[in-house]
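Here are a few short exercises to work through with the model open beside you. Try each one yourself before reading its solution.

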Amino acid sequence: MHSIVFKTTAKLVTMNKALLSFLLLLSIAASTVSGFSVAAPRVGGVNGGSSFVVAQKFSTVAVPVQPMKKGDMQMGKMAKFGIFSPLVYGAKIVLGQDKLNKLRGKGIGLHSQVIGDFAGWSGAYHLRTRLIKKAKTNGDILGFLV
């Protein structure tokens with residue numbers, strides 16, 4: 001009885017170590033991706049926003065928002081290589097291009113549905129299209145669209 005408990009406990013400790021190692025690796029990898037970093041505000045003021053100036057005046061730069069066109073949400077020809085690109089390439093080898101595209105389409109459809117449900121629940125349904133476009137941009141940065 002004692003050896004069974006010890007073996008079970010040893011398996012749990014090994015599983016916990018593996019899980020923690022994986023989470024640590026994932027967090028290190030995620031911290032290196034610039035998609036997760038907060039963009040620094042543009043600083044203006046004395047000396048052109050030098051970091052040696054104590055009192056700095058923050059200024060914002062207006063970026064013109066272009067209206068979305070019907071063809072804006074299509075995939076581009078050249079996707080960025082990101083942290084998950086090796087996983088996608090491996091899935092492409094194992095599953096094949098057709099099955100990978102079907103699986104990717106189901107995942108994108110489910111994610112878009114969750115975004116739509118969240119936008120409706122939060123009362124910001126008018127932001128649904130922007131959120132989906134942002135999800136596509138983030139997926140490209142992370143390497144899901146290679």
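**Exercise 1.** Find the backbone oxygen that lies 3.4 Å from a polar atom of the side chain of Ser85.

*Solution.* Begin at the side chain of Ser85 in this predicted model. One of its polar atoms lies 3.4 Å from the backbone oxygen of Gly143. A polar contact requires N or O atoms within 3.5 Å, and the distance here is 3.4 Å. Next, list the other neighbors: leaving out residues up to four places away in sequence, Ser85 touches Lys80, Leu142, Gly143 and Val146.

**Exercise 2.** Place Ser85 and Ile83 in the secondary structure, then decide for each: buried, partly exposed or exposed?

*Solution.* Take Ser85 to start with: this residue belongs to helix 2, which covers residues 85-95. Its relative accessibility is 0%, so Ser85 is buried, the cut-off being under 20%. Now turn to Ile83, found in the loop between strand 2 (57-58) and helix 2. Because its relative accessibility is 30%, Ile83 counts as partly exposed.

**Exercise 3.** How far apart are Ile83 and Gly143, in sequence and in space?

*Solution.* Along the sequence, 60 residues separate Ile83 and Gly143. In space, their C-alpha atoms are 5.9 Å apart. For the chain as a whole, take contacts between residues at least 6 apart in sequence: 57% of them join residues at least 24 apart.

**Exercise 4.** Which pattern does the protein chain follow along the sequence?

*Solution.* Count the elements: there are four helices and two strands. Then read them in order, which gives α-β-β-α-α-α. To finish with burial, 14% of the 146 residues count as buried.

Technical notes
Residues are numbered from 1 along each chain as its sequence is written. This is a predicted model: local features need pLDDT of at least 70, side-chain atom pairs count only at pLDDT 80 or more; totals for chains, interfaces and linings use all residues. Side-chain values use heavy atoms; hydrogens and water are left out. Buried means under 20% relative accessible area, exposed over 50%, partly exposed in between (1.4 Å probe, protein chains only). A polar contact is a pair of N or O atoms within 3.5 Å; within protein, one must be able to donate a hydrogen and the other to accept it, and residues adjacent in sequence count only if both atoms are side-chain atoms. Contact means heavy atoms within 4.5 Å.
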